[in-house]
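Student: Please take a close look at the aromatic rings in this structure. What sits around them, and how do they pair up?

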Amino acid sequence: MYKELEKYKENNSFTFTIEDSLEDACNASEGSGVFVVNAINGDDKELIMVGSTGTVQNDGSLKSKNGGLYDKIVNGHQFAKTGRKYSWPAQMKIENIERLEVLWFETFNDADKGIPTSVEGQVLQNFLTKNGKLPRWNVAF
């Protein structure tokens with residue numbers, strides 16, 4: 001588990017294979033926060049990506065796109081200028097990834113006020129410190 005994310009009570013996870021529909025498999029909320037993607041092959045698990053959605057405004061309010069975490073995971077662009085529902089299965093095939101485990105956390109809601117990009121940055125910073133690089137599906141931060 002990622003210690004920066006343990007305190008967020010609104011969370012869940014799902015797994016995804018090439019044969020699955022990401023739209024059907026994704027159980028993420030429409031809230032704002034962070035998602036973590038692990039590649040799983042047999043007993044091996046590797047953190048390959050961290051993402052977030054939602055922006056905190058100057059007045060402390062949240063600006064989020066409709067669909068929140070669910071929409072960002074399913075329709076957010078990655079690898080090509082196309083939604084993850086298309087690009088993830090293609091990339092999984094290229095990399096011979098059996099399945100993905102996606103964990104999501106609402107970091108900004110009535111109970112919690114963790115700025116999504118800040119929390120994402122903390123997870124990535126700890127990964128960078130430990131591994132000397134970002135997860136392989138994170139292009140930059």
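Tutor: Start with a definition. A charge sits over a ring if NZ of Lys or CZ of Arg is within 6 Å of the ring centre and within 35 degrees of the ring normal. Lysine 113 fits: it lies over the face of phenylalanine 108, 4.8 Å from the ring centre.

A word on the source. This is a predicted model, where local features need pLDDT of at least 70, side-chain atom pairs count only at pLDDT 80 or more, and totals for chains, interfaces and linings use all residues. Residues are numbered from 1 along each chain as its sequence is written, and side-chain values use heavy atoms, leaving out hydrogens and water.

Now the ring pairs. Rings of Phe, Tyr and Trp (its six-membered ring) pair if their centres lie within 6.5 Å; planes under 30 degrees apart are stacked, over 60 edge-to-face, the rest tilted. The whole structure holds two aromatic pairs. In one, phenylalanine 79 meets tryptophan 137 edge-to-face, with 4.9 Å between centres and 85° between planes. Phenylalanine 79 lies in the loop between strands E6 (77–78) and E7 (80–83), and tryptophan 137 in the segment after helix H4 (116–131), so the pair ties together parts 58 residues apart in sequence. Helices (H or I, at least four residues) and strands (E, at least two) are DSSP runs, numbered from the N terminus.

Tryptophan 137 also pairs with tryptophan 88: the centres are 6.1 Å apart and the planes at 40°, so this pair is tilted. Tryptophan 88 is in helix H3 (residues 84–95), 49 residues from tryptophan 137. Ring pairs thus link Phe79, Trp88 and Trp137 into a cluster.
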